[in-house]
Amino acid sequence: MEKRSYSWFERRRRTEALNLAQNQITKALDTTALLDKAMQYFLAEKRKEAVQSIEKLFKTEEDVDSLRREIFKELSKGGALSAESREDLMHLVKRLDTLADYVKDAARCLKMLVDTNIPKELLENTGRMTSTLVKCATTLRGSIEKISEDPAVAIEKAKEVERTEHEIDQNYLDTKPLFIKYAQQMNPGSIVIFDDLIEFVEQAADMCADTADYIVILAGRE
Amino acid sequence: MSRLLDAGLERLTTILLRMGEIAEETIELSIDGFLKGLDVSDRVRSLSETLVSMSVDAEDKAFELIAKYQPVASDLRIIKSYIKIAHDLERYGRYAWDISFIHKRLAQSERCEDPLVLIERMSGKVIDMVHASIEALRSHDVELAKTLAKTENEVDELYFQYLDFSAEASISTRCLVTNVLAVRYLERIADHATYMGESIVYIATGEKVVLR
């Protein structure tokens with residue numbers, strides 16, 4: 001996937017940690033698109049393609065995880081960055097790593113459900129959640145890109161992330177009661193796994209909003 | 001001679017121990033409401049949100065210590081483990097809130113039947129685990145932390161018994177779905193208690209163990 005440029009990083013001295021962090025952020029946000037792709041394939045009954053997207057997501061998440069470890073190793077050496085910049089970077093990297101973790105957990109649940117029959121209404125609700133999660137991540141990416149160049153826009157976009165996260169929350173709360181409606185069509189195991197799936201998507205959205213909160217702090221300092 | 005890092009570590013420890021107290025209160029309240037058929041969701045939600053905010057504080061403090069003092073060896077081990085433990089404590093709160101939420105929204109806060117008393121037994125064990133995990137954190141007690149593995153196996157056993165039972169249960173659909181999700185959340189709380197146990201062993205010994 002395309003490597004983005006984040007001017008907030010450019011303004012600081014080029015270090016190995018910063019290069020790695022840019023890469024990590026891009027990949028972490030890409031996991032949301034892969035989850036949504038898998039979900040849309042699932043909805044379209046293209047289960048094989050759904051699994052392929054999930055496998056790609058797992059690989060991307062492994063990269064995110066290994067980049068996070070490398071970045072923390074680099075940052076623990078001290079070096080060119082100030083303590084404040086190191087701390088900022090750790091916050092961003094950790095939050096996005098957690099976001100990718102939740103996305104991976106959601107994908108794992110989806111993979112477990114691949115051979116089961118899930119009522120369409122439940123799948124459609126979840127498809128809406130994953131699509132909105134992509135919107136959340138894309139807005140977050142835009143916000144990060146603007147931290148230095150235009151802090152006011154960065155803050156506005158961060159607020160938009162909050163609003164998008166509320167949409168996902170609402171969808172999540174509306175989906176749970178549907179388990180009763182469809183209890184006769186699903187075995188208890190599928191209900192539990194499906195509940196985990198929507199919960200992980202909701203948590204990924206939470207983490208998106210949490211990262212946006214941090215962007216507001218960073219942009220405020222610029 | 002006392003180091004600047006020590007004061008920071010002490011502050012971080014205080015946040016975590018306070019989180020432990022709140023997490024314990026949250027879980028007990030949520031389970032009590034569930035078993036007695038009481039709506040405690042507002043209070044549980046508020047406590048759960050407090051834990052989320054404290055978890056952010058703990059993480060902020062931990063990153064500040066790493067960035068400012070570049071700790072090594074046992075100091076770094078403690079800080080990294082504390083970040084994980086703060087997450088576990090936050091999850092305690094979240095699952096407690098999940099239990100109260102589905103109890104209110106799906107079961108309309110009614111007291112659902114538990115014919116084999118599996119949920120009550122599971123709840124008792126989970127509360128014991130939460131208590132033990134927080135006590136082990138307070139005292140860095142490796143032996144106590146290791147006991148969590150055994151109880152977690154027992155919780156898992158009860159969880160699977162409930163899933164087997166639910167396949168043939170003759171209780172209302174509303175209660176059946178609520179109970180199935182509640183036991184899942186209890187099982188997840190037990191998992192996090194065990195993760196905490198693993199972190200505590202790591203803090204005290206430097207040994208990475210898998211207790212599950």
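Author: Quick definition before we start: the expected span of a helix is 1.5 Å times one less than its number of residues. Also keep in mind that this is a predicted model.

Reader: Okay, then how far apart are the end C-alpha atoms of H5(B)?

Author: H5(B) has 27 residues, so at 1.5 Å a residue it should span 39 Å. The model agrees with that expectation, with the end C-alpha atoms sitting at a separation of 41 Å.

Reader: What covers the buried residues of H5(B)?

Author: The buried residues of this helix include B:Ala145, B:Leu148, B:Glu152 and B:Val155. Further along, B:Leu158, B:Tyr159, B:Tyr162 and B:Ser166 are buried as well. Their cover includes H4 (118–139) and H6 of chain B, together with a helix from the other chain, namely H8 of chain A.

Reader: And B:Ala149 in that helix: buried, partly exposed or exposed?

Author: B:Ala149 is in helix H5 of chain B, and outside its own stretch of sequence it touches B:Thr194, B:Gly197, B:Leu211 and B:Arg212. Being buried takes 20 or more other C-beta atoms within 10 Å, and being exposed takes 12 or fewer. B:Ala149 has 16 such neighbours, so it counts as partly exposed.

Reader: How many residues of chain B are in contact with chain A?

Author: Four helices of chain B, H2 (41–69), H3 (73–105), H5 (142–168) and H6 (173–205), each supply at least two residues of the side that touches chain A. On the chain A side there are 17 residues in contact, and on the chain B side the count is 19.

Reader: Which helix gives the largest share of that chain B side?

Author: By class, the side of chain B that touches chain A has eleven nonpolar, three polar and five charged residues. The largest share, seven residues, comes from H6(B).

Reader: Let's switch chains. How far does H6 of chain A reach from its first C-alpha to its last?

Author: This helix runs over residues 151–175, which is 25 residues. At 1.5 Å a residue, the reach in the model is close to the expected value, and comes to 36 Å.

Reader: Which helices help cover the buried residues of H6(A)?

Author: Among the buried residues of H6(A) are A:Ala154, A:Ile155, A:Ala158, A:Val161 and A:Ile168. Lys and Glu turn up there too, as A:Lys157 and A:Glu165. The cover includes three helices of chain A: H5 (120–145), H7 (178–181) and H8 (188–221).

Reader: What radius of gyration does chain A have?

Author: Chain A comes to eight helices and zero strands, and its C-alpha atoms fill a box of roughly 60 × 30 × 25 Å along the principal axes. With 222 residues, a compact globule would be near 17 Å, and chain A agrees with that at 18 Å.

Reader: What share of the contacts in chain A, between residues at least 6 apart, join residues at least 24 apart?

Author: Buried residues make up 50% of the 222 residues in chain A. Of the contacts you ask about, the share that joins residues at least 24 apart is 84%.

Reader: Which residues does A:Ala106 contact, leaving aside its neighbours within four places?

Author: The largest nonpolar core holds 132 residues, and A:Ala106 is one of those that touch the most other members, along with A:Ala38, A:Val201, A:Ala204, A:Cys208 and B:Ile189. Leaving aside sequence neighbours, its contacts are A:Leu35, A:Leu197, A:Phe200, A:Val201 and A:Ala204.

Reader: Where is confidence highest in chain A?

Author: Chain A averages a pLDDT of 88, and 91% of the residues score at least 70. Confidence is lowest in helix H1 (residues 7–10), at a mean of 63, and it peaks at 94 in H5(A).

Reader: Any odd backbone angles? What is the phi of B:Val117?

Author: Most residues other than glycine have a negative phi. B:Val117, in the loop between H3 and H4 of chain B, counts as exposed because it has 10 C-beta neighbours inside 10 Å. Although it is not a glycine, B:Val117 has a positive phi of about 55 degrees.

Reader: And what is the phi of B:His140?

Author: B:His140 is in the loop between H4 and H5 of chain B. With 14 C-beta neighbours inside 10 Å, B:His140 counts as partly exposed. B:His140 isn't a glycine either, and its phi is positive, at about 50 degrees.

Terms used. Residues numbered from 1 in each chain as written. Chains lettered and ligands numbered in written order. Predicted model: local features only at pLDDT ≥ 70, side-chain atom pairs only at ≥ 80, totals over all residues. Contact = placed C-beta atoms within 7 Å. Nonpolar A, V, L, I, M, F, W, Y, C, P; charged D, E, K, R; others polar. Rg over C-alpha atoms; globule rule 2.2 N^0.38 Å. Core = buried A, V, L, I, M, F, W, Y, C linked by C-beta atoms within 7 Å. pLDDT = per-residue confidence, 0-100.
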